[in-house]
Amino acid sequence: MLKDPVDLQSVRRVLVTKLRHHGDVLLASPVFSVLKAHAPHLEVDALVYADTASMLSGNPAVSRVFGIDRAWKTLGWMDRARAEAGVLQQLRSRDYDLLIHLTEHPRGAWLARLLGPRYRVAAAYPRARRWWKAGFSHLYPLPSNGRRHVVEQNLDALRRIGLQPGEQERGLSFVPGEEAENEVQAMLGELGLAPGGYIHLHPASRWQFKCWSVEKNAGLIDKLHAQGERVVVSAAPDTNELELVRRIGALVAAPFADVSGKLTLKQLGALTRKAKLFIGVDSAPMHIASAMQTPVVALFGPSGEFNWGPWQVPHRVIASDHSCRPCGNDGCGGGKLSDCLTTLPVSAVLQAVQALQSR
């Protein structure tokens with residue numbers, strides 16, 4: 001393992017790999033921005049899961065985005081091998097000088113060997129085997145106390161090779177694009193809403209244990225409506241998320257604009273950019289709101305705000321003082337419901353909304 005910093009002036013192309021979920025990929029966007037800010041001549045590519053590619057597409061710091069389709073796992077071995085070989089061939093043609101692998105996915109150690117870049121950077125995971133460690137030229141330590149934001153952990157890969165990010169270079173970058181902006185503007189017109197004239201509520205998460213209760217979401221909407229606020233509710237086109245919004249709608253006394261299941265991620269970003277405020281749980285839409293610089297009220301339960309909280313945006317985090325949090329469990333006792341989250345009062349969210357609006 002090398003200890004010397006990397007001479008970025010001798011590097012032409014970089015591959016950054018982040019094989020995780022949508023929010024994780026967005027939280028890696030500062031790595032691209034910082035690399036381009038310090039070495040504008042670089043071509044910085046990304047390797048992500050295909051369904052998360054929209055988190056980086058349009059980002060001016062990203063040259064190309066390559067995707068691994070999760071559905072390949074369901075293919076026969078010949079079809080899967082053919083698909084994998086196709087991506088590998090594309091990556092090899094780029095002739096990378098530097099590989100930055102930002103997860104513990106074993107694919108990174110394979111790529112470090114198969115692509116043959118001069119410099120190969122990854123985290124020194126405590127339980128990593130010798131084979132993993134031998135594949136990389138630079139390993140960076142992870143915080144032992146666990147209280148370091150994921151953005152900073154990603155940027156530690158750059159610090160390890162001698163690049164120190166400036167404070168103003170660490171922001172998230174998400175580009176909705178002109179088409180999505182225009183589509184959302186038209187949608188708002190149909191709903192009778194103006195930019196800055198509504199609060200965006202995204203109550204759902206792909207993980208049920210991260211969700212606030214239906215009753216409290218409905219109570220929040222009614223309270224906001226009583227204060228003269230217009231509320232737009234969104235959710236992914238997922239059966240469970242759509243059912244959550246349906247149940248909320250069945251309880252509210254006040255009307256809200258329901259766009260659940262109707263938006264792409266790019267359109268979601270445009271919708272959030274035009275909102276006066278975003279309210280949601282620990283989820284990718286919350287991170288998109290941070291990237292859009294829309295003030296955020298975030299409800300946290302089993303996951304930790306030290307690692308996953310709103311990043312570089314005016315915000316308030318609502319969390320309980322349960323001694324067991326953040327536990328990361330799939331609800332208390334694995335029961336899909338988290339007491340530390342479901343017991344959070346509506347009044348705390350309303351106070352956070354007021355604080356952000358009066359700042």
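**Notebook: sheet, packing helices and serine 213**

I first looked up the pairing of strand β5 (residues 119–123) and found that β5 runs parallel to β6, with three bridges between them. Strands here are DSSP runs of E with at least two residues, helices are runs of H or I with at least four residues, and both are numbered from the N terminus. I count two strands as paired if DSSP finds at least two bridges between them. Within this pair, I noted that alanine 122 has leucine 139 of β6 as its bridge partner.

The model is predicted, so I accept local features at pLDDT of at least 70 and side-chain atom pairs only at pLDDT 80 or more, while totals for chains, interfaces and linings use all residues. Residues are numbered from 1 along each chain as its sequence is written, and side-chain values use heavy atoms, without hydrogens and water.

I then traced the whole sheet: it is open, has six strands paired in parallel, and follows the order β3-β2-β1-β4-β5-β6. I recorded β3 (65–68) and β6 (138–140) as the edge strands, each pairing on one side only.

Next I examined the helices, taking contact as heavy atoms within 4.5 Å. Angles run from 0 to 180 degrees between N-to-C directions of axes fitted to C-alpha atoms, for helices over the stretch in contact. I found helix α2 (residues 29–38) lying across β1 (13–17), β2 (43–49) and β4 (98–101), at about 170° to β2.

Finally, I located serine 213 in the loop between β7 (199–202) and α8 (214–226). I list serine 213 as buried because its relative accessibility is 16%; buried means under 20% relative accessible area with a 1.4 Å probe, protein chains only.

Key. Buried means under 20% relative accessible area, exposed over 50%, partly exposed in between (1.4 Å probe, protein chains only).
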